Amino acid sequence: MNKKLYYAVVLIWTAVMIMGLLLDNPRLGGFDLGYILHSVLAIILFTCLWLYPKYRNHSFRIVIIIMASTFLYTVFFLYPGAWSTFIFLCLIPAISILFFDSKLFHFSLILNALLIIGTFSYIIGMDQSNQFSHIKGDLAGDAVNFIGSQVIIYLIYHVSYERIKKQQLYYEQLQHSERLKTTGQLAAAVAHEIRNPLTVVKGFLQLYSEKDCPVNKDIRETFTLMIDELNTAEEVISQFLTIAKPDKDKKLEIVNVHNVLQSVTDLLKSYGLLRDNKIDLQVDEDCYICANNIEYKQLMINIIKNALEASKIGDSVIVKAKSKNQFVEMKVIDYGDGMSEEEIKPLGTPFYSLKSNGTGLGLMICYHIIEKYNGSIDFQSSKGQGTTVTICFPSKNCELIQID
Ligand code: ADP
Ligand code: MG
């Protein structure tokens, strides 16, 4: 809560406490121990409330709720004739709403329930001189009123807490995406500048690694290693740059899923053959979606490449696609390593990779593309059994997709 607003609430509360002490108080005048206790508790409570902004922690909030309860219950017992003090007892949990602390709220709700049970038991059993006749006269009614007030306070708290939480989450997400955007742009600029010197270094290394070059054989062998590392660096940079490329360069078109998947399979065939993996294509002819051809290709290459990399030697990867009502559903199935639930959760996070030579950028790009075209992606996987990736795209409704 805003500090000014907090102090205003505290001042109003203090004014009410002072009025309670001075206006028409039956214990005022003479040396009344009850009145002194009332005043002392009011001062302690005021001090706690005033100091709170300096010591903003959960323990201090608990102290405030205990002090407020002690004060209000003491007032209730000191002035048995004033039936209105009962209203304040009902309102004690509402104080904790001020502090937006869920644990504190539940604590004050439970504490108040226990104190009211004690109070009612005292009134039924020990109040022989009928000091609390107004309560005793309608005990059931008062109990119902008390429960009702606690339920209403709980509902108010619950609804406002949920709303504030949602707003907070929205605000955090907004901040997060802004930060990502800026760092993305920065990374793209840096990546672009690094690519040129990398190409030069790689070119020279390739030249020196040729057999007829007068370089020591042992040293020449390390060149292959260096070139490999440079290739990885280049791949990371290219992946980064595809995301950072402005959307206006990517035109929206009707994509023939069958044709694209056929060309992706042709492209990855040789990659699969390295470990004797085949790609089994089972795609219907009539599947059309609205996206950018290159991006869709990029998406499927990443998913199928992952499936091939996870597969055991000699296993096949199945790629299916079919039209389903308003959607085109694609499945990439492999019988390889699989993933546990914990491993599935972070998929799509930049640099999350369980491979020794992975970049952890492939799925981030896939998620980015899928989100852009209002699609969805789902991973069904079990460790050691394999993975089924299901991707859904709306079929061919170009006018429904708006790219900023
Ligand atoms: P990279 O392939 O460079 O590691 P990706 O973003 O493409 O990065 O994938 C991230 C991680 O997700 C991979 O390292 C792998 O552990 C896991 N993964 C993705 N697809 C599969 C799959 N079909 N089977 C098992 N693990 C997978
Ligand atoms: Mg990958």
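A pocket here is an open set of grid points, with protein on both sides within 12 Å along at least five of seven lines. The views below all come from a predicted model.

**View 1. The second largest pocket and what sits around its centre.** This pocket holds about 940 Å³ of space. It has 35 lining residues, and the ones closest to the centre are Asn 306, Glu 309, Ser 353, Lys 355 and Gly 358. Four elements each give two or more residues to the lining: helix 8 (217–244), helix 10 (293–310), helix 12 (362–372) and strand 7 (386–394). Helix 10 chips in the most, with seven residues.

**View 2. The make-up of that same lining.** Sort the lining of the second largest pocket by residue type and you get 13 nonpolar, 14 polar and eight charged residues. Sort it by domain instead, and domain 2 (179–241) and domain 3 (253–400) each supply at least three residues.

**View 3. Strand 7 under cover.** Strand 7, one of the elements that help line the pocket, is mostly covered, with nine of its nine residues buried. Gly 386, Thr 388, Thr 390, Cys 392 and Pro 394 point one way from the strand. Thr 387, Val 389, Ile 391 and Phe 393 point the other way, and both sets are buried.

**View 4. Strand 7 and its two antiparallel partners.** Start with strand 5 (residues 327–334), which runs antiparallel to strand 7 and is joined to it by eight bridges. To find your place in this pairing, look for Val 328, which stands opposite Phe 393 of strand 7. Strand 6 (residues 376–382) also runs antiparallel to strand 7, with seven bridges between them. Here a handy marker is Phe 379, standing opposite Val 389 of strand 7.

**View 5. The turn between strand 6 and strand 7.** These two strands form a hairpin, with three residues between them. Keep an eye on Gly 384 in the turn, where phi is positive at about 80°.

**View 6. Ser 149 in helix 7.** Now over to helix 7 (residues 139–208), where Ser 149 has its place. Is Ser 149 buried or exposed? Its relative accessible area is 17%, and the cut-off for buried is under 20%, so Ser 149 counts as buried. The side chain of Ser 149 also makes a polar contact of 3.2 Å with the side chain of Gln 150.

Note on methods. Residues are numbered from 1 along each chain as its sequence is written. Chains are lettered from A and ligands numbered from 1 in the order in which they are written. This is a predicted model: local features need pLDDT of at least 70, side-chain atom pairs count only at pLDDT 80 or more; totals for chains, interfaces and linings use all residues. Side-chain values use heavy atoms; hydrogens and water are left out. On a 1 Å grid over the protein atoms alone, a cavity is a set of points where a 1.4 Å probe fits but cannot get out, and a pocket is an open set with protein on both sides within 12 Å along at least five of seven lines; lining residues have an atom within 4 Å of a point. Grid points are joined across faces, edges and corners, and a volume is the space filled by probe spheres set on the points. Ala, Val, Leu, Ile, Met, Phe, Trp, Tyr, Cys and Pro count as nonpolar, Asp, Glu, Lys and Arg as charged, and the others, Gly among them, as polar. Domain bounds come from an automatic or database domain assignment. Buried means under 20% relative accessible area, exposed over 50%, partly exposed in between (1.4 Å probe, protein chains only). A polar contact is a pair of N or O atoms within 3.5 Å; within protein, one must be able to donate a hydrogen and the other to accept it, and residues adjacent in sequence count only if both atoms are side-chain atoms. Two strands pair if DSSP finds at least two bridges between them.
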